[in-house]
Amino acid sequence: MTGPMIDAMNTPVPVVLAGARGHGRWHLANIRRLQHKGLVRLAGVCELTPLTAEELGDLGAPEQSADFGALLDSTGAGIAIVCTPIPTHTDLALTAAERGVHLLLEKPPAPSFAEFRRMADGVAAAGVACQIGFQSLGSHALPAVRALIADGAIGTLVGLGGAGAWVRDEDYFRRAPWAGKRRMNGVDVIDGALTNPLAHAVATALALGGSTRAEDVLAIETELLRANAIESDDTSCVRITTAQGHPVTVAATLCAERADEPYVLVHGSSGRITFWYKQDRVLLQRAGHGPEEFEHGRTDLLENLVDHLTTGAGLLVPPDGTGAFMKVVEAIRTAPDPAPLPDTAWHRIPGERRRVVPGIDGLVAAAADTLSLYSELGAPWAAAAEHLPKEVSTR
């Protein structure tokens, strides 16, 4: 148990939400769900422009302020949800921790490993609980898949692959001033395909292989590219060498021909497991058996945090459980800036304002299937590997 418990008799727990628009709307809806269950109460909203009565709906009239610390003080918040631009995460988390307020901190928790450690160490010193918002790590499929691996259902674990082929139009990279940026006003942002929209693919692959702590990562190879006119990567892959002895390769693109469900592929010596992590769906394929498919439930991370604070239940995603993911963020941060794909490697879809890299859907799947990098898969734009910014980062 981390930090002081909250008396279960004092629920609903007062919650302050920092960042209630954009992805914050999802948190607002989730607070509404848990408020109806009597577990939490929206006590405050921290936004530069207050939410309207229409945006709040039946959530009542919470206090609103652009001053996060003052809002925590005046509302007596028990939990703060931080869903703000990536570079603000650490300072806001520490503002809450200094006041003894527990945290649900959106992913990625920080834009650099140094900022992550500053946050995690500060939160630990303050004695408050902190849950990192990797919702996929609340899936009941994770312990189920780990049990299959431990039981030898697919033989010896060989490696893990992650694949994310998503479609995002050019306006996606204009959704906020920091979108598509690696740095802004001299501050790290690192808003790339693998560090933000498809970060779950990285974190979930690492978690399934039991490589969640920073010390579990020995080396990282990066290949970062972009078809869009942005600073960050929109088509990228990483291969992580783990202390557990199996590689983890994750490939992602926001320039897919067709949007597909992201997944993690667990390779064994006599079978494989596919986990579509947004759907909590698992496919087991192994020698001597027909394919078996399973659907699992999921524990909501805010609900788990409340449970942790009221009953002492284990916290699903504490900061140190994301240390390995943050090592990947750091490798991407310190790698050379993403290489622009040649004009011949992508085209725009008329009327959709989006850029597509022909063949990337198959390359993403092949990377997860073979644990290979793009440069090893014969992509025309990756044939000349010297143009790819690749870096091996070690402890």
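Two strands pair if DSSP finds at least two bridges between them. Helices (H or I, at least four residues) and strands (E, at least two) are DSSP runs, numbered from the N terminus.

The model is predicted: local features need pLDDT of at least 70, side-chain atom pairs count only at pLDDT 80 or more, and totals for chains, interfaces and linings use all residues. Residues are numbered from 1 along each chain as its sequence is written, and side-chain values use heavy atoms, with hydrogens and water left out.

**Exercise 1. Determine which strands pair with E4 and in which sense.**

Step 1. Strand E1 (residues 13-18) pairs with E4 in the parallel sense over four bridges. Within this pairing, alanine 80 of E4 is the bridge partner of valine 16.

Step 2. Strand E5 (residues 102-105) also pairs with E4 in the parallel sense, over four bridges. Here leucine 105 of E5 stands opposite valine 82.

Step 3. Together with helix H4 (residues 89-98), E4 and E5 make a right-handed β-α-β unit. Right-handed means that, with the strands pointing away from the viewer, the path from the first strand over the helix to the second runs clockwise.

**Exercise 2. Establish whether serine 136 is buried or exposed, and identify its contacts.**

Step 1. Serine 136 is located in the loop between strand E6 (130-132) and helix H6 (141-150).

Step 2. Its relative accessibility is 1%, so serine 136 counts as buried (buried: under 20% relative accessible area; exposed: over 50%; partly exposed: in between; 1.4 Å probe, protein chains only).

Step 3. Apart from neighbours within four places in sequence, serine 136 is in contact (heavy atoms within 4.5 Å) with Leu142, His200, Thr204, Tyr277 and Arg298.

Step 4. Between the side chains of serine 136 and threonine 204 there is a polar contact at 2.7 Å. Such a contact is a pair of N or O atoms within 3.5 Å; within protein, one must be able to donate a hydrogen and the other to accept it, and residues adjacent in sequence count only if both atoms are side-chain atoms.

**Exercise 3. Describe the surroundings of histidine 246.**

Step 1. Histidine 246 lies in the loop between strand E11 (235-242) and strand E12 (248-253).

Step 2. Because its relative accessibility is 6%, histidine 246 counts as buried.

Step 3. Leaving aside neighbours within four places in sequence, its contacts include Leu160, Gly209 and Ile240. Leucine 160 is 86 residues away in sequence, with a C-alpha to C-alpha separation of 7.5 Å.

Step 4. The histidine 246 side chain reaches the backbone oxygen of glycine 209 at 3.2 Å.
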